[in-house]
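Student: Please take a close look at one part of this structure, the aromatic side chains, and tell me how they are arranged.

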Amino acid sequence: FLFQEKIITASFYNWVSAMVAKLAKICTLRISPQTLNFILSDKVAGGGVSMWCELEQENFFSEFQMEGVSAENNAIYLELTSENLSRALKTAQNARALKVKLTNKHFPCLTVSIELLSVSSSSRIVTHDIPVKVIPRKLWKDLQEPTVPNSDVSIYLPVLKTMKSIVEKMRNLSSHLIIEANLSGDLNLKIETELVCVTTHFKDLGNPPLASEDASQDRDPEQMAEVRIDIRKLLQFLAGQQVNPTRAVCNIVSNKLVHFDLLHEDVSLQYFIPAFS
Amino acid sequence: MPSGIAVCRVFPAARGQSGPCSLPRPLSLRTVNSSRSAYACFLFAPLFFQQYQAAAPGQEALRCKILMKSFLAAFRSLAMVEKSVEKCCISLNGRSSRLVVQLHCRYGVRKTHNLSFQDCESLQAIFDPALCSHVLRAPARVLGEAVLPFPPALAEVTLGIGCGRRVILRSYQEEEADSSVRAMVTEMSIGEEDFQQLQAQEGAAITFCLKEFRGLLSFAESANLSLSIHFDAPGRPAIFAVKDTLLDGHFVLATMSESDLHSPAPHRLVPPLQAHSTPHLDDFANDDIDSYMIAMETTVDSEGSRAGPSIPLSPGLRPPCSPGPYSEDNDAEPSTEPGTPPPKKFRSLFFGSILAPAHSPPGPSPVLAEDSEGEG
């Protein structure tokens, strides 16, 4: 069986798991020697969202040990209910030490063992056994990092909280939303119904430098790239963002996909919402 | 709190006694839940009240029952009560069969609630904490912190004494044979030092309803009292008690017994209560892992005085089926787990109503006898 153990000194992890819990009810945790990933890959009818969250383990753990299936396949994929993990780590807010271990207690578990600060001399220990499902190697191909498509437009996002409150109001009016942006730093959120059209304009957001030079030369900076998406999926993504990220980029592939690329200190989160078909 | 019917009993001053005036008997509030697996009794000494007027000497003890919902409706919003209510008068009007709750509020506002009551038999549970072999007592705050990691929706919890005389609380889940979504198991381990009294053997354990316990616990925390837990073998009721000079509260909860188990199957063996999670199956090189774990622990700024390896529960203890008996009482509960198995009951407590004789004997009732035991 696969064995892995890590000890975390900071209780940072709490908000990561809380965020993941908001984004995906059931998610996959991928453990590899360098990184830890939270993966959501919803292939249902091709209309599902995907999420890829990555942490460098050395930034967070004082000790980290793992052993995958084999040397070439040195990774462990676990499926779990994200709320369980976030609830378990919530206990760790006043922890002196935290240990996470993969165990097998009649069924595979991720055991989170927390030593709490205590007034008295004796320590208090909380143990959470989170049931997990070990994902067999043949299914790993569906859980790889999504390839970042060549986007038509790449733009920095406005303050996410503002975006969220706007989208929340729009949600009452329509179930679809059009997100469009150009290379001049303009981003619009649009809804169109029979009775009303509402557009919120964000200006001067700035565009990150594009990877490929050719694409940027040919494109008219004022031209908008748009994609129509399910508003609930966008709202779910925004609801998971409690803190404003260090860096937030939105990549749009016209009429196909919107890709959010966030960086919160040492954690990177990518969220893909396909166009509504 | 178990919902249902509260029984108020106001004892008159003892009959026929001369000499120094004897104190009137306390006010008692008792209730039992519909599956008869939880019983609560609160006794309030006359001094608890600003004014206390029991029935006149020579009169019968007044005993009635009222609907809990109606009674609580009078105190609907605790915040409102604390802010605006100056005085509360509760009186029993025998003639019109009404319990009158009158709230005297600020600005001369007076709210009067007339609750109809019914005469009833005495409701008394036969229990005696002194007969329980195990006792533990701790400030309510400690126990409140102990139940914090458990999900609010959790129905049952197992309390036991683990190795090193650590007190262990563990979430109890009924194991469903084919469940694809298993529940998380949480375990909290507290050192003996946090307890004011710990008189129990290692391996002793009981499983009871956490929700009922939380009710008493929140009361005890708000009143800053200590809570003591008296228990015996699994299946025998456990007694949870709070006490101060003016009041005395008891919750008696049924516990799961070994005979509640239907079909013993290997996967139903309860994982042993332990201070640390250690893997058990042969897939692991147990010794290596244990020693590895120990090595890891010492590097993380801890003293060596950790609890040692696990100990199993008392032999023969098997997890019974989850009772889920509280569905009837759960109207007010916000969430019940979807797809809970059909409710199976705790074995009901072995008490029933005791027909009080026409002349109440002046001797103390079994419940009051506890006071004279003078525990602690």
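Tutor: Phe44(B) is a good place to begin: its relative accessible area is 12%, so this residue counts as buried. The model is a predicted one, and every value here is computed from it. Phe48(B) is partly exposed, because its relative accessibility of 39% falls between the 20% limit for buried and the 50% limit for exposed.

Now to the pairing of rings. Over all chains, the whole structure holds 14 aromatic pairs. One of them joins Phe44(B) and Phe48(B): the ring centres are 4.8 Å apart and the planes meet at 50°, so the pair is classed as tilted. An angle of 50° is neither under 30 degrees, as stacking would need, nor over 60, as edge-to-face would need.

Phe208(B) and Phe240(B) make an aromatic pair as well, with 5.0 Å from centre to centre and 65° between the planes, which is an edge-to-face arrangement. Phe208(B) sits in strand 15 (residues 205-209) of chain B, while Phe240(B) sits in strand 17 (residues 238-243) of chain B; the pair therefore ties together parts that lie 32 residues apart in sequence. Both Phe208(B) and Phe240(B) are buried.

Back to the tilted pair and its surroundings. Phe44(B) and Phe48(B) belong to one aromatic cluster, whose members also include Phe42(B), Phe49(B), Tyr52(B), Phe219(B) and Phe251(B). Within that cluster, then, Phe44(B) is a buried member, whereas Phe48(B) is a partly exposed one.

Conventions. Residues numbered from 1 in each chain as written. Chains lettered and ligands numbered in written order. Predicted model: local features only at pLDDT ≥ 70, side-chain atom pairs only at ≥ 80, totals over all residues. Heavy atoms only, no water. Phe/Tyr/Trp six-rings, centres within 6.5 Å; stacked < 30°, edge-to-face > 60°. Buried < 20%, exposed > 50% of the residue type's maximum accessible area, 1.4 Å probe, protein only. Helix = DSSP H or I, 4+ residues; strand = E, 2+ residues; numbered from the N terminus.
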